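Colleague: Got a minute? I'd like to go through the charged pairs in this one with you.
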Amino acid sequence: MCKEVSQAEFRDKVRPWLKKEEKTIALCHGVFDLIHPGHVIHLEQAKMMADVLVVSITAAQYVRKGPGRPYFDDEMRMKVLSALECVDYVMLSEGYTADDTIESVKPDIYVKGEEYAKSEDDITGKITEEKTQVEKHGGRIAFTTGDVFSSTRLINTAMSGLTDEVRHFMEDFKLRHSLKEIKGYVEKISKLNVLVVGDVIIDKYTYCNVQGIMSKDMGYSARVSRTEEYLGGAIAITRHLATFTNNITLLSIVGNEESVRRRFLDELADQVHLNLVYSQEVPTIVKHRYLTHNEKREDYKKIFAVNNIPDNMLYEKEAYRNFKENLKTEVAKYDVVFLCDFGHGLVDREVMDIIQKDAKYLVLNCQTNSSNKGLNIITKYTRADAFTLDQQELKLAFPECSMDENSGLMKLADHLNGMGWLTRGSKGAWGICEGKVQECPAFTLTVKDTIGAGDAFFAVAGIFAAVGAPTEVGTFVGNIGGALGANIVGNKDAVEKVNVLKYASTLMNV
């Protein structure tokens, strides 16, 4: 008997035959990244509950334990499970949840480990839904007992799943903080009413195959493969935050392009409240990047970029007046305001003053980019309860050659009278609060695209700060957001709450 089967094959051929033979079916589902004694005991107990044991594994692309996981690929994990005598069939689950597998197998018994017996301990929040789905087909859920081991901990500690730097940091971090504490902050975040103010940007990515240098010039010659567009700027930050709370509003000015308006409504209306003013004269900002894909690694290289930002970025008076009136009316109603100042003309002195004066809690990001370098400096603000910036932006804020980053960050925190973070790329991030700088290493050096990493850090760290999380916790979860964001091309997907919690669980497992 071939133990490895597809879902379709099991549904259409194997299951009807088993039912004809009056066999009962048990199903176990998981990542099964590194088979250990706990897995063997769990599977053997599951086999004792039914005539036939089916084991499904989450396909690698859907594993949410952070970059670099699973450690073993789909083929290897299925092969190891197939070698176990107690396992009758092994299949691949093509999704983030077990829903597709449950529908294909329709198990008599769905077997989980005892750590899932309490639904409140399930980070994904799916165990109750899975129980309902199983029972719909006449099955029931059951739990095994026995020692609980951890593939994640074994990989983290014994197989270099984490660098020594990260492992040592996490061993120290765990002395002061727990996953339960972090989940507590997440629960508080879900009750926040959040306003995001900032420039809306469309990130346009054209993927190319570079053929070489042009024969008569010094530019690249490339063949276009495909073009995709992602919602970036303040929208990307809004989408990250929308996975943590349903009470979120985006306030901005955008162009009046019909296709853009439809896309906002189609993709955002069910997630956030849109308070948008439409400009009749200034188009929605589009940043168009041309890039190549590294065939040996999952990363991308930008080769050229253009944008449609006018030289004199001024919205017409009526649109800007309406935007400011909306801001004056709304800003004080929210628990926290995220100000995403990309320096493209949306935020002038009056807008800054309104937000700094009336926001109950202000999270600030003032970005430097190629179109505003040296012109959009964070020190133009005088108040921020929490802030983020990168190394270049800190240097522009305090350009003294003799000032190091530690001193610059402390000086900025004093200037803004708040807590904040300096993101340092592959070196991780620094957090500052009450004159003390805390360091945190990068949680991954494997990246696809760093474009959205800083925005993800800003969103995740800022929303935790808004519910009173210590700076150190903000640095930890912000670095998780940055690591996840660096493994998303452009702003194609949001950094979701469940993925942040999953990765936090992975890192805590040392």
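Modeller: Sure. Keep in mind that this is a predicted model. The count of salt bridges comes to 26.

Colleague: Why do oppositely charged side chains pair up at all?

Modeller: Side chains of opposite charge can pair when their charged atoms come close.

Colleague: OK, which residue does arginine 167 pair with?

Modeller: Arginine 167 meets aspartate 164 in a salt bridge, at 2.7 Å from N to O. Both sit in helix α7, which covers residues 164–173, and they're 3 residues apart, so about one helical turn separates them.

Colleague: And is arginine 167 buried or exposed?

Modeller: Arginine 167 is buried, with a relative accessible area of 15%. Its partner, aspartate 164, is partly exposed at 47%.

Colleague: Switching spots, what does lysine 191 bridge to?

Modeller: That would be glutamate 187, and their closest N and O atoms are 2.8 Å apart. Lysine 191 is exposed, with a relative accessible area of 57%, while glutamate 187 is partly exposed at 47%.

Colleague: What about arginine 383, who's the partner there?

Modeller: Arginine 383 pairs with aspartate 385, with 2.7 Å between the closest N and O atoms. Arginine 383 has a relative accessible area of 19%, so it counts as buried, because the cut-off for buried is under 20%. Aspartate 385 comes out at 22%, so that one is partly exposed.

Colleague: Last thing: which residues are linked in a network of salt bridges?

Modeller: Lys324, Glu325, Lys328, Asp348 and Glu350 are linked that way.

Technical notes
Residues are numbered from 1 along each chain as its sequence is written. This is a predicted model: local features need pLDDT of at least 70, side-chain atom pairs count only at pLDDT 80 or more; totals for chains, interfaces and linings use all residues. Side-chain values use heavy atoms; hydrogens and water are left out. A salt bridge is a side-chain nitrogen of Lys or Arg within 4 Å of a carboxyl oxygen of Asp or Glu. Helices (H or I, at least four residues) and strands (E, at least two) are DSSP runs, numbered from the N terminus. Buried means under 20% relative accessible area, exposed over 50%, partly exposed in between (1.4 Å probe, protein chains only).
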